[in-house]
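Here is a short report on side-chain contacts, ring pairs and pockets. Please keep the structure open while reading.

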Amino acid sequence: IDVDKKAQGQQATQVTILLNKPISYVSGQAEDGHEPAIVLIQPQNRWRDDNARFFFHPSQLRSLAPAGLLDIDSTGLLVLTQDGRVARQLIGEDSVMEKEYLVRVNYTGLNQPAPPGQLTRIDDDDPVTTDVQSVFPPAMLAKLRHGLSLDGQALKPAGVEWQNPEQLRFVLTEGKKRQIRRMCELVGLKVVGLKRVRIGKVMLGN
């Protein structure tokens with residue numbers, strides 16, 4: 001099979017853009033009066049230490065789509081690409097690409113009675129906001145790692161560990177809608193801050 005030279009050239013000009021998404025922007029289409037993250041892709045917002053050979057051109061915004069979503073309340077690494085090969089690696093059905101998040105949490109407790117000798121439910125109006133690690137049951141941390149289901153499907157094993165007493169580090173290889181927030185709710189945690197810091201080998205820059 002010979003690939004047409006024009007097609008090769010066209011493929012070489014497809015861009016993939018890494019964006020540090022702030023809160024209050026949606027990843028994809030505009031919704032509920034909130035702007036899509038693509039509006040932030042402007043020449044003046046380019047990272048000054050970027051050494052990619054591409055200069056900004058409006059054609060780079062054409063067919064530029066997010067490869068994996070970050071919800072409106074989340075920040076951090078968002079990949080937008082014109083290249084279907086890149087999108088497939090990140091979010092294709094067979095993708096096992098790791099995605100790493102830093103997640104700040106409060107502990108509201110569980111909605112069912114605690115087993116004897118364990119913590120009882122904490123009032124939602126008075127959550128634990130400092131040193132959450134000291135009150136969060138180790139058995140629930142184990143459940144976050146493996147044993148939870150969403151939408152009737154068992155979740156794949158996840159890497160979950162304490163980064164500091166108020167913040168967890170999650171490493172996932174799947175991406176269900178609002179997955180981390182929903183996982184946390186199932187074990188009595190409330191997410192108060194979520195930042196994606198890595199996809200595969202690509203870290204969020206400075």
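Which side chain does the side chain of Arg198 join through a polar contact of 2.8 Å? The partner is Glu98. The model is a predicted one.

## Arg198 and its surroundings

Arg198 belongs to strand 9, which covers residues 189–199. Its relative accessible area is 13%. That is under 20%, so Arg198 counts as buried.

The Arg198 side chain has a second polar partner to note. At 2.7 Å it reaches the backbone oxygen of Gly200. With neighbours within four places in sequence left aside, Arg198 is in contact with Leu77, Glu98, Lys99, Glu100, Val171 and Met203. Glu98 thus appears both in this contact list and as the side-chain polar partner.

## Aromatic pairs

The whole structure holds two aromatic pairs. One joins Tyr107 and Phe136, edge-to-face, at 5.6 Å centre to centre and 80° between the planes. Tyr107 sits in strand 4 (residues 99–107), and Phe136 in the loop between helix 3 (132–135) and helix 4 (138–145), so this pair ties together parts 29 residues apart in sequence. Tyr107 is buried at 2% relative accessibility. Phe136 is buried too, with a relative accessible area of 5%.

Phe136 also pairs with Trp162. This pair is edge-to-face, with 6.1 Å between centres and 75° between the planes. Trp162 lies in strand 7 (residues 159–164) and Phe136 in the loop between helix 3 and helix 4, so the pair ties together parts 26 residues apart in sequence. Trp162 counts as buried at 17% relative accessibility. Ring pairs thereby link Tyr107, Phe136 and Trp162 into a cluster.

## Largest pocket

The largest pocket has a volume of about 1100 Å³. Its lining has 36 residues, and Ile17, Leu18, Leu19, Trp47 and Asp50 lie nearest the centre. Strand 1 (16–21), strand 3 (75–81), helix 2 (84–91) and strand 10 (202–203) each give two or more residues to the lining. Strand 1 has the largest share, five residues.

By class, this lining has 22 nonpolar, nine polar and five charged residues.

## Second largest pocket

The second largest pocket has a volume of about 740 Å³. It is lined by 31 residues. Nearest its centre are Leu69, Gly175, Lys176, Lys177 and Arg178. Helix 2, strand 4, helix 5 (179–186) and strand 9 each supply at least two lining residues. Helix 5 gives the most, with three.

The class split here is ten nonpolar, ten polar and eleven charged residues.

How values were computed:
Residues numbered from 1 in each chain as written. Predicted model: local features only at pLDDT ≥ 70, side-chain atom pairs only at ≥ 80, totals over all residues. Heavy atoms only, no water. Helix = DSSP H or I, 4+ residues; strand = E, 2+ residues; numbered from the N terminus. Buried < 20%, exposed > 50% of the residue type's maximum accessible area, 1.4 Å probe, protein only. Polar contact = N/O pair within 3.5 Å; in protein donor to acceptor, adjacent residues only side chain to side chain. Contact = heavy atoms within 4.5 Å. Phe/Tyr/Trp six-rings, centres within 6.5 Å; stacked < 30°, edge-to-face > 60°. 1 Å grid on protein atoms, 1.4 Å probe; cavity = no way out; pocket = protein on both sides within 12 Å on 5 of 7 lines; lining within 4 Å. Points joined across faces, edges and corners; volume = space filled by probe spheres on them. Nonpolar A, V, L, I, M, F, W, Y, C, P; charged D, E, K, R; others polar.
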